[in-house]
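This report introduces a structure to a reader who has not seen it before. Please look at the sequence and the model first.

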Amino acid sequence: MSEHAEHSSEHAEHPGYGTFIKIWVILVVLTGCLVGVSHLGQTAAVWGLLTLTPLKAGLVFYYFMHLKYEGPLFKVVVLVTLGTLLIFFALLFSDVAFR
Amino acid sequence: MTEHVHRDDLGARLGMWLFLVTEMVLFGGLFIGYSYMRYRYPAEFHHGGGELNATLGIINTLVLLTSSLTVVLAIVAVQRAEKKRAMVFLGTTLGLGLVFLVIKGFEWSAKFHHGLYPNSHHLSTLPPGEQVFYGLYFTMTGLHGVHVIVGLGVLSVMLWWVATDRVRQDRYVHLENSGLYWHLVDVIWIFLLPLFYLAA
């Protein structure tokens with residue numbers, strides 16, 4: 001009985017259709033912006049790539065992949081992975097820069 | 001008498017995330033390789049990107065974004081015990097995944113017709129930077145395509161399980177985990193679009 005009550009309270013916290021449809025609209029708009037800035041020259045394209053793309057990926061992770069609704073452990077797992085990739089990226093380019 | 005069934009949905013999701021993290025590192029390594037090669041051959045990558053069909057890349061982005069939406073909506077539908085709606089959403093995802101692969105197929109076959117395929121003679125006559133560009137293009141979009149095919153297989157099973165009530169309102173972690181995989185495939189494509197199709 002108590003388990004059932006726990007389930008239904010958890011159920012009440014689930015986001016509805018609307019939340020995800022809104023996120024999808026934002027993702028489509030951001031894709032449009034990304035395509036737009038890619039026509040404005042190399043500098044704008046690179047800045048678009050470096051800002052809009054991680055933003056889009058972040059929205060998918062946070063909402064579609066439910067990271068927003070998970071505990072801190074899941075967020076830490078993802079952040080540690082991204083941090084590791086960033087370290088490898090930095091190591092490679094520090095090597096490239098001083099060749 | 002109640003049968004005790006061990007269930008740990010949180011653990012199941014954590015396990016899926018740990019697997020996804022290895023996928024992120026797999027593609028991450030390729031992205032790091034790409035960034036170094038682009039730094040080394042900027043003009044060739046610019047030219048290579050111009051040879052790709054940006055329109056098809058953008059259409060495929062919209063197709064995958066929408067298929068991600070329908071997966072997450074299928075989960076909402078299952079949570080609300082709206083079985084038929086969940087099946088429609090999952091069916092839409094499968095359809096969009098197939099559309100993605102068909103578009104990808106057209107795009108690749110156009111490249112093949114121009115003599116551009118791994119280890120082709122024409123490719124070996126191109127400057128080294130362009131060979132690297134096409135090498136990365138076929139490797140990364142190919143590996144991504146394999147993930148789309150696997151994702152479609154997994155989601156087909158989910159559609160079957162929703163239909164047979166194996167996935168239902170009080171038991172849907174399998175669908176959540178399959179959805180996670182599909183979303184990661186979408187995220188990878190989000191990066192592939194600007195890196196290849198919009199590189200020119």
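The sections below cover the basis of the model, chain B, the core and one helix of chain A.

## Basis

This is a predicted model, in which local features need pLDDT of at least 70 and side-chain atom pairs count only at pLDDT 80 or more, while totals for chains, interfaces and linings use all residues. Residues are numbered from 1 along each chain as its sequence is written, and chains are lettered from A and ligands numbered from 1 in the order in which they are written.

## Chain B

Chain B has seven helices and zero strands (DSSP runs numbered from the N terminus, H or I of at least four residues for helices, E of at least two for strands). The C-alpha trace of chain B spans about 75 × 30 × 25 Å along its principal axes.

Of its 200 residues, 40% count as buried (20 or more other C-beta atoms within 10 Å of the residue's own, with C-beta atoms placed from the backbone; exposed means 12 or fewer, partly exposed in between).

## The core

The largest nonpolar core (buried Ala, Val, Leu, Ile, Met, Phe, Trp, Tyr and Cys residues joined through C-beta atoms within 7 Å) has 71 residues. Phe20(A) and Leu90(B) are among those with the most contacts inside it. Helices from chain A, α2 and α3, and from chain B, including α1 and α4, each supply at least two residues of this core. The largest share, 16 residues, comes from α7(B).

## Helix α4 of chain A

Helix α4 of chain A, residues 72–97, reaches 36 Å from its first C-alpha to its last. The expected span is 38 Å, taken as 1.5 Å times one less than the number of residues. The number of buried residues among the 26 of α4(A) is zero, so this helix lies largely in the open.
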